[in-house]
Amino acid sequence: DDWCPQYVRRLSNISESFSDVIVAHLYGDYNRDEIRVMWGNDGSKPVGPMVINPGTTPRRPTAAGMNPMFKQIVLQPSDDHGDDGSAGESEPRLMIQNIRTWIFPLQYANWASASGVKTSSKTSSRSS
């Protein structure tokens, strides 16, 4: 929503033109952890998922929920081979099978460090 409209239309056109090749749009170093859907220019069909990851160095490390994190995205072939108009067998399309987010609990680590508590390398993860 914050982009200039002409760039949004251009990205949407490119994404729609290559939707048989582009599995997902991956973005990083954003303030929030989000998954969005990119729609075609006419708004009638989804073009693909947008996976948006916060940075590994959060902008406000003391704010609640602003923990460093990264994602592991697992792809798998789908049953949909698409219709590219070429003769013979086409390559199977890839699809997102799982998204695993690894989170470093920064507030816990800061508290433990300030309190002198010995900790192991504690991270948490979640799957979507």
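## Glu 16 and its surroundings

Start with Glu 16, which touches Gly 40, Asn 41, Lys 45 and Val 47 once residues up to four places away in sequence are set aside. This is a predicted model, so take every value here as computed from predicted coordinates. Glu 16 is found in helix H1, and its relative accessibility of 26% makes it partly exposed. Its C-alpha sits 8.8 Å from that of Pro 46, although the two residues are 30 apart in sequence.

Helix H1 itself covers residues 5-17 and lies across S1, S2 and S3. Relative to S2, the helix runs at about 80°.

## The three-stranded sheet

What is the strand order in the open sheet? Its 3 strands are arranged S1-S3-S2, with mixed pairing. The edges are strand S1 (25-30) and strand S2 (34-39), each of which pairs on one side only. From one strand to the next, the twist averages 25°.

The mixed label is easy to see once you take the pairs one by one. S1 and S3 run parallel and are joined by 4 bridges; in this pair, Leu 26 has Val 51 of S3 as its bridge partner. S2 and strand S3 (residues 46-54) go the antiparallel way, over 6 bridges. Two partners to look up on that side are Ile 52 in S3 for Glu 34 and Met 50 in S3 for Arg 36.

## The hairpin and the cover on S3

Between S2 and S3 the hairpin has 6 residues, and Gly 43 takes a positive phi there, near 75°. If you're checking backbone torsions, the hairpin glycine to pick out is Gly 43.

How much of S3 is buried? Of its 9 residues, 7 are buried, so the strand counts as mostly covered. As a general point, side chains in a regular strand alternate between the two faces of the sheet.

## Asn 53, a buried polar residue

Asn 53 has its place in strand S3. Is it buried or exposed? With a relative accessible area of 12%, Asn 53 is buried, because the cut-off for that label is under 20%.

Its side chain reaches the backbone oxygen of Met 69, at 3.4 Å. Skipping neighbours within four places in sequence, the contacts of Asn 53 include Tyr 27, Gly 28, Asp 29 and Tyr 30. Arg 32 and Asp 33 are also among them, and the list is completed by Met 69, Phe 70 and Lys 71.

## The aromatic pair

Phe 70 turns up again here. How many aromatic pairs does a search of the whole structure find? It finds 1. The partners are Phe 70 and Trp 102, in a stacked arrangement with 6.5 Å centre to centre and 20° between the planes. The pair is labelled stacked because planes under 30 degrees apart get that name.

Where do the two rings come from? Phe 70 belongs to strand S4 (residues 69-77) and Trp 102 to strand S5 (residues 94-103), so the pair ties together parts that are 32 residues apart in sequence. Phe 70 is partly exposed at 47% relative accessible area, and Trp 102 is partly exposed too, at 27%.

## The whole chain

Zooming out, the chain has 2 helices and 6 strands. Read from the N terminus, the elements go α-β-β-β-β-β-α-β.

Of the 128 residues in the chain, buried ones make up 23%. The exposed surface comes to about 9200 Å², with 53% of it supplied by carbon and sulfur atoms. Among the chain's contacts with a separation of 6 or more, 47% are between residues 24 or more positions apart.

Technical notes: Residues are numbered from 1 along each chain as its sequence is written. This is a predicted model: local features need pLDDT of at least 70, side-chain atom pairs count only at pLDDT 80 or more; totals for chains, interfaces and linings use all residues. Side-chain values use heavy atoms; hydrogens and water are left out. Rings of Phe, Tyr and Trp (its six-membered ring) pair if their centres lie within 6.5 Å; planes under 30 degrees apart count as stacked, over 60 as edge-to-face and the rest as tilted. Buried means under 20% relative accessible area, exposed over 50%, partly exposed in between (1.4 Å probe, protein chains only). Two strands pair if DSSP finds at least two bridges between them. Axes are lines fitted to C-alpha atoms, for helices over the stretch in contact, and angles run from 0 to 180 degrees between N-to-C directions. Contact means heavy atoms within 4.5 Å. A polar contact is a pair of N or O atoms within 3.5 Å; within protein, one must be able to donate a hydrogen and the other to accept it, and residues adjacent in sequence count only if both atoms are side-chain atoms. Accessible areas come from the Shrake-Rupley method with a 1.4 Å probe; for residues, only the protein chains shown count as cover.
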